[in-house]
Amino acid sequence: MKARALLGLLPLATYLSCLTVAPVASTLAMSATAPDVGITLEHFRRIVTDYQFGEAVINTLVITGIGLTLEMLLGLGAALALAGRPVGRRIFSILLLVPLGVPTIVSAAVMRTVFGTVGYLNEALLRLGAIRSPVDWTGERWLALVTVAVADAWKVTPLILLILLAGLQAIPGELYEAARTDGASGWRQFFAITLPLLKPAVTMALIVCGVDAFRIFALPLALVGRGLPVLSTYAYVEYLEYGNPHTAAARGVILLGMILVTVLAYLKLAGPEEVLR
Amino acid sequence: MRSDRSRSAVSTRRRARCLALCALAVTLGVSAVEAADPTLTVTMRLAEAEWRVIRQDVLPPFERACACRVRAIDVSPEILPQRLKAMRDAGRMEIDLFAQDNMRLQELVESGLVQALEGDETRMDAAVLPALAASGVLADRRYFLPFRPNVQIAYYNGAKFDAYRLRPPRTWGELLSVAKTFKEREGLGRVLFQGVGGAPTVTQLYEWIVSAGGDPLDLGHPATVATFHFLRELAPYLSPDSRRAKWDTTNDALAQESAYLAQNWPFGVPLLIRDYGKHAIRTYSGWAGPAREAHVIGGDVLGIPVGAPNRDLALRLIRHLQSREIQETLASRLGWPTIRGDAVGALEPWMRPHVAAVQDAMRHGVFRENVPYWAEYERIASEAVERILWRKEAVDEALPPLAARLSDLRKGRR
């Protein structure tokens, strides 16, 4: 019986070994070795002393922070609206979920037509008389970060909406009925029932979308170029432009480390049972 | 009953034998076809539209003439050395011929990845332009043969220039003046510099430095420093798209009219004018710096990897790619400059002024020095542009440490 159970696990174990453990181990090994030298931390030293490294870390954190905040607020708002079963719910659901089916590189191209100097946003603001000349939405660093975060929110919010909507639908309706009977206001119901019971879904959404935000790649590259480095594009440029697979691997390891630290810290704060539940 | 069983067993054995024979025949047949129809693997880095012409118009005549198949795959110049190394180390070279950026040849030669060509193999048709025939020789040995020369020309939006009564700039002073005029009139800069970093930026920077009389590989050279001072002065008047502009996005900027003047390779001519219908786009060779007019000659050369399985066939394909017929096809369909002086007959009339601009730019052509530390040089030069143009750091503060890094690199690698 035990042998059969182990045999049943074999495909999963093979899959994880070949497609997760082996590539990660190989990346770790590449990051800490160099041809003709052997084991070395030179790649990490080069990265840490690079003038764009600190900026890439900060940019990644800022985009993640702004993006996640925006996505959670919009996703929660949309989920609450749809959970109330409004008229036209089906159409709204479909429209809200459309960006989820758009490949990221296509969404980046779409966002360029919105935020470009000759894009729709500038055209609309010019026609409304709100601006006198087109705004370069990706010209200054902080404005570029906000632009990228907004573009990312367009793509990711539907996923958060789906997770939170599922969480909302799992909350028993009797709890709200009891609260209404006791005279609780809408806000009181939201803070006393909805938010606490939605915590596992919020945790899941934050982890899934947080990891995704850390790995953001196509949007900053397509919208701003290499002038706005984030950790993923930073590794990409090292690999493709300069042909340094070892330094690129070291950059990937740093990104992996940041993701692990953030997820573990969040689990420590939120409690792992929220995810395992 | 027993005899029925034995008859059935005999019949099963016969069927099995027949099947085995059929399988053998199929295998032998396939092997025979494969032996009669060898496959040549070629790598290039091309845009989608370029691949279409190569696959539809360039390779089929060769396949018919040589009774072979050509498997053409896209490999970027940065990745090619790694691929070749991996195949060589594995003892299984699968690439027969590659087209490589003429600035990334040193590494291939230094690592022993490319075959030297000898005797008749180095012979070239008399129509190949002498300046191009001279390239491809490293350490006094010929390793590469010319395939596709390239030179950047200046594209400008004729309608916008006419509307503002401007002439295309011929000097740095006129360029600055044109850039200022657009910025004042439209609120945004309309002159594009390919400032994304990496190869596009360094190619433009290289020719600007040479046209100022500087040494691009010496960031401390007075004329190199002067080039950065000029770029710093020009930066506020450049198109905002400059910061993410590279070869392909420059075409977008010109097509969408977010830029009115930009330098780029000639592949944009058929794309912008024939495909996008942007008939207001005109071209000329570009502007001169304080010392001279200079344009980097880029492009791809052809090489045969060490251990290539079909060397003779690869050499025949090189001759085919250099032939007048194919060079004319590439010039007329893709706007590629040609390696031959006799391959301009098939051009459509609308392309002739643009080809004239290319030939004019070629006359001021300069080859970049092939140095083993080119990838590192690109990184340092890109950092200089990023800091001085986009982060607005003072030239005298940003440049000296980068010049020192580059100087160390030269001393260490030469």
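# Briefing: a four-stranded sheet in chain B and its surroundings

In chain B, strands β8 and β9 run parallel and pair over two bridges. The model is predicted. These two strands belong to an open sheet of four, ordered β8-β9-β7-β10 in chain B, with mixed pairing. The points below start with that sheet, then turn to one residue, the domains, the chain contact and chain A.

**The sheet in chain B**

- Val191(B) has Leu261(B), in β9(B), as its bridge partner.
- β9(B) also pairs with β7(B), in the antiparallel sense, over four bridges. Here Tyr155(B) is partnered by Ala262(B) of β9(B).
- On its β10(B) side, β7(B) (residues 153-157) is again antiparallel, joined by four bridges. Tyr156(B) sits opposite Arg282(B) of β10(B).
- The edges are β8 (191-192) and β10 (281-284) of chain B. Each has a single partner strand, so one side of each lacks a neighbour in the sheet.
- Helix α10 of chain B (residues 247-255) packs on the sheet and touches β7, β8, β9 (261-264) and β10 of chain B. The direction of α10(B) makes about 150 degrees with that of β9(B).
- Side chains of β9(B) alternate: Leu261(B) and Gln263(B) point one way, Ala262(B) and Asn264(B) the other. All four of these residues are buried.

**Ile153(B)**

- Ile153(B) is part of strand β7 of chain B.
- Is Ile153(B) buried or exposed? Ile153(B) counts as buried, because it has 26 C-beta neighbours inside 10 Å and the cut-off for burial is 20 or more.
- Beyond neighbours within four places in sequence, Ile153(B) contacts Pro266(B), Thr283(B), Tyr284(B), Ser285(B) and Gly286(B). Its contacts also include Ala357(B), Val358(B) and Ala361(B).
- His354(B) lies 201 residues from Ile153(B) along the chain, yet their C-alpha atoms are 8.9 Å apart.

**Domains of chain B**

- The domain assignment splits chain B into domain 1 (37-150 + 299-349) and domain 2 (153-296 + 369-413).
- The centres of domain 1 and domain 2 of chain B, taken over C-alpha atoms, are 29 Å apart.
- Domain 1 of chain B puts 14 residues into the contact, and domain 2 of chain B puts in ten residues.
- On the domain 1 side of chain B, helix α4 (residues 106-110) gives the most, with three residues.
- The residues on that side of domain 1 of chain B are eight nonpolar, three polar and three charged.

**Contact between chains B and A**

- Chain B gives 21 residues to the contact, and chain A gives 17 residues.
- Two elements of chain B, α3 (80-89) and α15 (374-390), each give two or more residues to the side that touches chain A.
- α15(B) supplies the largest share of this side, five residues.
- Sorted by class, the side of chain B that touches chain A has six nonpolar, seven polar and eight charged residues.

**Chain A**

- Chain A has 13 helices and two strands.
- The C-alpha trace of chain A spans about 75 × 75 × 30 Å along its principal axes.
- Of the 277 residues in chain A, 31% are buried.
- Among contacts in chain A with a separation of 6 or more, 71% join residues 24 or more positions apart.

Terms used: Residues are numbered from 1 along each chain as its sequence is written. Chains are lettered from A and ligands numbered from 1 in the order in which they are written. This is a predicted model: local features need pLDDT of at least 70, side-chain atom pairs count only at pLDDT 80 or more; totals for chains, interfaces and linings use all residues. Domain bounds come from an automatic or database domain assignment. Two residues are in contact if their C-beta atoms, placed from the backbone, lie within 7 Å. Ala, Val, Leu, Ile, Met, Phe, Trp, Tyr, Cys and Pro count as nonpolar, Asp, Glu, Lys and Arg as charged, and the others, Gly among them, as polar. Two strands pair if DSSP finds at least two bridges between them. Axes are lines fitted to C-alpha atoms, for helices over the stretch in contact, and angles run from 0 to 180 degrees between N-to-C directions. A residue is buried if 20 or more other C-beta atoms lie within 10 Å of its own, exposed if 12 or fewer, and partly exposed in between; C-beta atoms are placed from the backbone.
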